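Work through the exercises below with the model open. Try each task before reading its solution.

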Amino acid sequence: KEKDHPRLFDFIRQLCKETGAPYPKKVVVNEQINAAVYYDKPLLSMFFPVRKNLLIGLGLVNSLNLSEFKAVLAHEFGHFSQRSMKLGSYVYMANRIIHDMVYNRDGWDEALDTMSQSDFRIAIFAWILKAVVWVIRQFLALVYKGINLLHASLSRQMEFNADLFAVSVTGSDQIVFGLSKLGRSSYAMNMAMNQLTDAADHKLYSSNIFFHHAEAESYLKEKVDGYQDRQLVANKEGQQMIFTPDDTDVPNMYASHPPNYDRELNVRKIEVEGPTDERSPWILFGNADQLKEILTKKLYEQGAIKPKEAAFNSPEEVHQFIQAELEETTFDKVYCDTYDTRFIHPYPLEEASATLAAQFPDKASVQQAIGSVYGEELQTAMQNRKNLQSELEQLRKVAQQSKVKEFEFRGQRFAIDELSAKGSLVNEEINGQYDDWFKNYDENIYRLHSRIEDLYDLPQKQMYLKRCAFQNQVIDAFFKLEDVQRALNGMLSQNYAAGELSEEDVYHAEQQLNTFRNQVEEVLKATESVEIPPLQYIESGQLRTFLLDGQLIRGGQRLLSNVWIQKFSEQLGTTVSRIRRLYFKNLGQIISLQEEIRSSVAA
């Protein structure tokens with residue numbers, strides 16, 4: 001409301017004057033990294049001149065400076081001026097109607113099926129009519145795709161046009177710099193949400209999610225390569241650019257937004273200079289802290305967590321928990337990110353002491369091994385892994401492009417029909433390296449530190465063995481649960497794409513759901529005998545109790561319902577999230593123990 005945030009509404013009013021856009025009917029906020037224009041009633045907008053609303057995501061406010069925020073809002077006011085936005089309502093209605101006609105089945109189809117199985121003299125007319133209906137539906141399916149293709153193309157052009165509105169009031173740089181921060185900001189918001197979910201497991205509920213979003217962004221900028229602010233770099237033509245064709249995703253033909261690289265090229269056709277105001281857009285909001293708190297509490301209410309008013313903690317208090325978790329699971333650069341970007345192989349706990357003695361016969365061989373395991377060979381292996389993953393990402397981007405006949409791979413040109421084979425080759429090399437070099441590496445790391453404990457008779461031996469054994473059990477449970485989660489999501493996507501399901505399809509889907517449910521139950525049952533070793537903020541006790549509160553939802557019949565699937569998905573997601581957390585926390589403890597063990601040798 002303007003009475004609560006007068007500076008914001010003055011800012012919007014002035015921006016409307018500068019862009020010539022109509023003033024919004026309502027201003028709405030949520031937590032997202034987004035700004036948008038929308039109608040209250042899309043159906044009415046098809047026939048009457050309905051005013052548009054402005055949505056401001058406060059996550060966006062949290063990440064941009066005032067000039068970038070102004071550019072993003074100016075972009076949205078560009079949409080306010082586009083009468084072609086009305087077409088979106090028509091496309092929405094056409095999609096619903098055509099989709100129902102093509103993919104849904106009703107009493108008409110059942111009557112035809114019944115007629116086609118009756119007396120031949122009647123059935124023949126039903127068969128002919130079914131054939132006609134089939135042809136009509138195929139034609140409408142093409143119309144459905146054609147409408148969406150054309151609308152996606154129009155939407156991309158509308159984005160280009162709206163970007164130029166932003167340039168007209170803020171200059172060329174601001175909208176581009178704003179776009180460059182959105183990916184990091186979205187990742188930071190997901191990171192903050194996950195951290196707050198972990199905190200909620202310990203009855204810690206923050207009153208300000210935006211505090212944690214900002215802290216997550218700061219952490220990413222400081223600790224993670226690739227998340228720092230982008231800088232202008234000259235391209236081949238000498239033009240100063242933020243984006244390149246290689247580091248931005250290419251949308252598929254249904255995408256409504258063009259890639260950021262294309263948007264920047266459009267923006268920089270005519271360079272316009274503009275001032276930069278580094279102040280935060282929060283200065284536009286009256287009593288911003290109260291607004292942050294109100295929205296944060298609404299987010300808790302909408303989720304599965306509903307703390308009482310008195311239960312909310314200060315964001316600083318919750319941040320202490322988050323900071324402790326990060327410190328426990330942030331590893332030294334000497335490990336070359338090998339523990340951050342992959343899961344380790346199980347430790348060979350059952351190997352005989354003679355095997356360790358043969359590999360590391362004396363203290364001299366141990367000291368020599370310490371000098372090599374975290375050196376150049378690991379750096380080379382990790383760089384090779386990153387290169388392969390980069391190649392796979394580039395091939396994925398090529399696959400998304402239409403009208404591409406050739407692609408470059410390892411310095412050579414190949415026809416597009418070889419793309420799948422090259423992707424399979426890179427995948428095989430990644431998996432081969434993981435199953436060969438990294439497996440040998442992980443096992444040798446365990447053997448080395450176990451042998452040091454034997455040679456030097458160190459007191460950490462029992463705890464080290466206990467944590468390594470627990471880690472093996474966690475790894476086994478995690479991969480089994482992740483496989484179920486992946487299979488469940490794949491089945492649901494496949495059934496959704498299929499539209500209407502036959503009785504046989506429904507029966508098969510319910511059998512699959514029962515199988516998935518039983519697989520999770522089996523994993524949970526196996527963890528009943530596993531004890532959690534001492535970990536910060538986690539009480540020692542039964543692993544099963546930690547992974548899932550209460551009982552797993554029952555199986556049986558009629559599982560193909562939104563209620564059952566949602567509940568099962570939530571329980572599965574909870575167990576996967578919690579066991580992932582245990583994996584990294586215990587791994588942090590194992591690595592700390594290994595560092596203690598190596599320091600004993602140095603001493």
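## Aromatic pairs and a helix

Ring pairs join F343, F478, F479, Y583 and F584 into a cluster. The model is predicted.

**Exercise 1.** Classify the ring pair of F343 and Y583 from its geometry, then place both residues in the chain.

Solution. A pair of aromatic rings is described by the distance of the centres and the angle of the planes. For F343 and Y583, the centres are 4.4 Å apart and the planes lie at 50°, so the pair is tilted. F343 sits in the loop between helix 12 (315-329) and helix 13 (353-359), and Y583 in helix 20 (residues 562-602). The two are 240 residues apart, so the pair links distant parts of the chain. Both F343 and Y583 are buried.

**Exercise 2.** Which parts does the pair of Y205 and Y300 tie together?

Solution. Start from the total: the structure holds 23 aromatic pairs. One of them, Y205 with Y300, is edge-to-face, at 6.0 Å centre to centre and 85° between the planes. Y205 belongs to strand 4 (residues 205-206) and Y300 to helix 11 (residues 288-302), so the pair ties together parts 95 residues apart in sequence. Now check burial against the cut-off of under 20%. Y205 has 11% relative accessibility, so Y205 is buried. Y300 has 9%, so Y300 is buried too.

**Exercise 3.** Check the length of helix 4 (residues 66-80), then its burial.

Solution. At 1.5 Å a residue, its 15 residues should span 21 Å. The end C-alpha atoms are 21 Å apart, which agrees. Of the 15 residues of helix 4, 14 are buried, so the helix is largely enclosed by the rest of the structure. At its start, a side-chain oxygen of N65 comes to within 3.0 Å of the backbone nitrogen of S67.

Methods
Residues numbered from 1 in each chain as written. Predicted model: local features only at pLDDT ≥ 70, side-chain atom pairs only at ≥ 80, totals over all residues. Heavy atoms only, no water. Helix = DSSP H or I, 4+ residues; strand = E, 2+ residues; numbered from the N terminus. Expected span 1.5 Å × (residues − 1). Buried < 20%, exposed > 50% of the residue type's maximum accessible area, 1.4 Å probe, protein only. Polar contact = N/O pair within 3.5 Å; in protein donor to acceptor, adjacent residues only side chain to side chain. Phe/Tyr/Trp six-rings, centres within 6.5 Å; stacked < 30°, edge-to-face > 60°.
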